[in-house]
Amino acid sequence: MADVESGDQSGRSPKVKVGNELAGSSVSGGVVQAGIIHGDINLDAGPGFEPPVPQQLPPPPTHFTNREAELTALDSILDPVAARWAPEVVVVTGSAGVGKTALTLRWAAAHRDRFTGGQLFADLASVVVVEPASVSRTLGAFLRSAGFPPHQIPTDESERAALWRSWTAQRAVLVVLDNAHSAAQVRGLIPGSAASVVLVTSRKRLAGLAQCGARTIEVVPLDLRSGLELLRRSIGGPRVEREPDQARRLVSLCGGLPIAVCVAAAQLSSRPVRSIQGAVRDLSRRGSTLTALSRGEELSVRAVFDSSYHDLPAEPARLYRLASLHPGDAFSSHAAAVLTDTPLPVVTRLIDVLVDANLLQETSEDRYQFHDLVRQHAHEQAEAAGEADSGSTVRTRICEWYLRAARAAVLTATGSRRRKKYTFTTTAPAFALPRELESVDGSWAWLDVEQGNIVASMKSASSAGRPELAWHLADVTRPFLRVRKDFQLAQEVEREGLAAARAWGEGHAERSMLKRLARSYSELGDYAQADRYAREALRLAEADQDSRGTTSARKALTLLLVDQGQYAEAESRLREIVDSYRGLGRIRSRATTEITLGSVLLALRKPAEAVPFLESSVELLSDLDPPDEYNLARARAQLGQARAALGDLEVAAPLLAAALAVLARLGSRFEQALVHDALADLDLARDDVLGARQHLTTAATLLRTLGSVQADRITDKIESMDG
């Protein structure tokens, strides 16, 4: 080493004493002694030098939990490699914060001994996003870790890739590529040996790797049990066991996202005296869950969502924001087109971008849904963009579209036209309706899937100060809920519809909801409440001198008598109501009242008197255009019972069978139960006790699923057969 002595006071340069000394007892390899160096220095390691086998994998998370199904799927890639001609490539995909990297590192740690050529790791999110440069830089890092000196690593990317494949051709290596942004980032990093494995984690699905034979493993949020286990491992079992219900609530609020559970656990761990209930209270405040889980700089749920959102192009980002304004949870591509006022083919491509980025979940064919926390994030972005105002055109447009589509579906399925006119305030090219609404079966299927969104749209319109729209959305559900006999949902809708009618100030709308509430309460056995609603409807109709409304309210009160078994009084009233509807020219109302009258006459053991009314009902309903399949099936079922009571079993059987087939197709469980009851009577008339028991058991099961009080009557009938 060079030593410097002090100079004299004359300002002359100091004296320099030069020497060569090396500290330490022994030194191997080349030594360079120099002053100033311009350019590179390349040293050969010399003969006998063996670079260490790369062991680059970060350790897996300490509190890794469950993922048995995903780990088993990864294990399958270790099948005998003799049949493979190329390395196994696996894309581990899922939304931000779902635990893709944790899963991959856990599996890699458990199987590192299989990869004797080394285990290499690269976080592609930390590499320059310009893909050729990023691939080249990653290849350079891998080759250096393999022991290649810098002067032996080509500068050209294709040459680097070729050298990488050559070095790995006879080695079994594991390559973990974390946070891949595109398939192009991965292709050049695939090793040359069929014994090697490449694990790629990405928030995107990277369909471009299919040409490499890549498998895909999708990581979904943790279930409740696994989420609780992660919380337990993070904050300790005793703390969870002291507040088990609150712990479950905490995991539910986190939506099963491991990062969210870990953030909540970290906050609890930093405050040992804080209760889980307190954490739940913070997370439960409206719109505050994401904020509560994003307070720290290192662990922030919002930050991981921000990263995915900022990667989106402008149009998919707009869909991401506007989809958060959808009133219900799941939505179709048609609804997305309405939200964005975009043609369907265009919005379908935008949806694909969000699904590929794991910001939207495809739950079934043409059904899409946000994770709860992702939806909160999307709504925050909509608010920041000024798109989230509750009275915005976007919200009105989607609510009106559901009204338009539901009206079309109900008309096709039942032939029922809603009487009150609604003037639509929004229009859009995207207002094209789904093609399935052109058929009866397709319309019923659409109503089954979309009923939750129709109800959510009703509530959205109500909260936005649009009571007229809210009432019409409640009103359009009437034929559907009548067929499905979902009495609990019916009450919820009708109470909201009644409030909307009163806010709107429209008398007919109010009376309509009062009558519907009377039917729902009566079906659930609350006759006193049903009577109050029906009498209020009658009082309002009479005050308005509305003859049609008065007749309808009288029918609601009479149906209460039928439900309570007061058939004699109900008979005379129903005959009067039939005559009233005949005079008013209300064909459908007359026909449905004749069905009820026929059932009452059957209960009074007057089948011969019932037949003319039921035959009239069948004729009237058959002549409607389009026909009312549901009520026509009801009429035929009652006519079949009347014919059976008259001993005409050969005519009764096909009537009942045909009615049951239609009602089963329409999903009308209540009416199916009544037909099964009638078929049981038919079997008993034929001395087929076993067949009768099967029909009655089916009827009782259907009625219990609906919460109908008539289930007890069927059960009593079964017990009487045993007695």
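Colleague: How many bridges join β9 to strand β10, and do the two run parallel or antiparallel?

Modeller: Bear in mind that this is a predicted model. Three bridges join β9 to β10 (residues 367-369), and the two strands run antiparallel. For one of the pairs, look at Gln361: its bridge partner in β10 is Gln369.

Colleague: Which sheet do they belong to, and in what order do its strands come?

Modeller: They sit in an open sheet of three strands, ordered β8-β10-β9, where the pairing is antiparallel. At the edges stand β8 (330-331) and β9 (361-364); each has a single partner strand, so one side of each has no neighbour in the sheet.

Colleague: Now the sheet with five strands: what is its order, and is the pairing parallel or antiparallel?

Modeller: That open sheet reads β4-β5-β6-β3-β7, with parallel pairing. Its edge strands are β4 (118-123) and β7 (215-218), each paired on one side only. From one strand to the next, the twist averages 15°.

Colleague: Where could I look at one pair in detail, say β3 with β6?

Modeller: Try residues 88-93 for β3 and residues 197-202 for β6; six bridges link them in the parallel sense. Glu88 stands opposite Val197 of β6. A helix joins the picture too: α1 packs on this sheet, where it touches β3, β6 and β7, and its direction makes about 170° with that of β7.

Colleague: How do I describe two packed helices?

Modeller: Two values do the job: the angle between the axes and the distance between them. Here, α1 (residues 68-75) packs against α2 (residues 100-111) at about 50°, and their axes are 10 Å apart. That makes α1 oblique to α2. The crossing of α1 past α2 is right-handed.

Colleague: Which residues make the contact between α1 and α2?

Modeller: From α1 come Glu70, Leu71, Leu74 and Asp75, while α2 brings Leu103, Trp107 and His111. Sorted by character, the residues of this contact are four nonpolar, one polar and two charged.

Colleague: Let's finish with a single residue. Is Ala292 buried or exposed?

Modeller: Ala292 is buried, because its relative accessible area is 3%, and the cut-off for buried is under 20%. You will find Ala292 in helix α11 (residues 289-292).

Colleague: What does Ala292 touch, leaving out residues up to four places away in sequence?

Modeller: With those left out, Ala292 touches Gln267, Asp282 and Leu283. You can also compare sequence with space: Ala292 and Ala279 are 13 residues apart along the chain, and their C-alpha atoms are 8.8 Å apart.

Notes
Residues are numbered from 1 along each chain as its sequence is written. This is a predicted model: local features need pLDDT of at least 70, side-chain atom pairs count only at pLDDT 80 or more; totals for chains, interfaces and linings use all residues. Side-chain values use heavy atoms; hydrogens and water are left out. Axes are lines fitted to C-alpha atoms, for helices over the stretch in contact, and angles run from 0 to 180 degrees between N-to-C directions. Helices (H or I, at least four residues) and strands (E, at least two) are DSSP runs, numbered from the N terminus. Angles under 35 degrees count as roughly parallel, over 145 as roughly antiparallel, 65 to 115 as roughly perpendicular and the rest as oblique. A crossing is left-handed if the near helix is turned anticlockwise from the far one by less than a right angle, and right-handed if clockwise. Contact means heavy atoms within 4.5 Å. Ala, Val, Leu, Ile, Met, Phe, Trp, Tyr, Cys and Pro count as nonpolar, Asp, Glu, Lys and Arg as charged, and the others, Gly among them, as polar. Two strands pair if DSSP finds at least two bridges between them. Buried means under 20% relative accessible area, exposed over 50%, partly exposed in between (1.4 Å probe, protein chains only).
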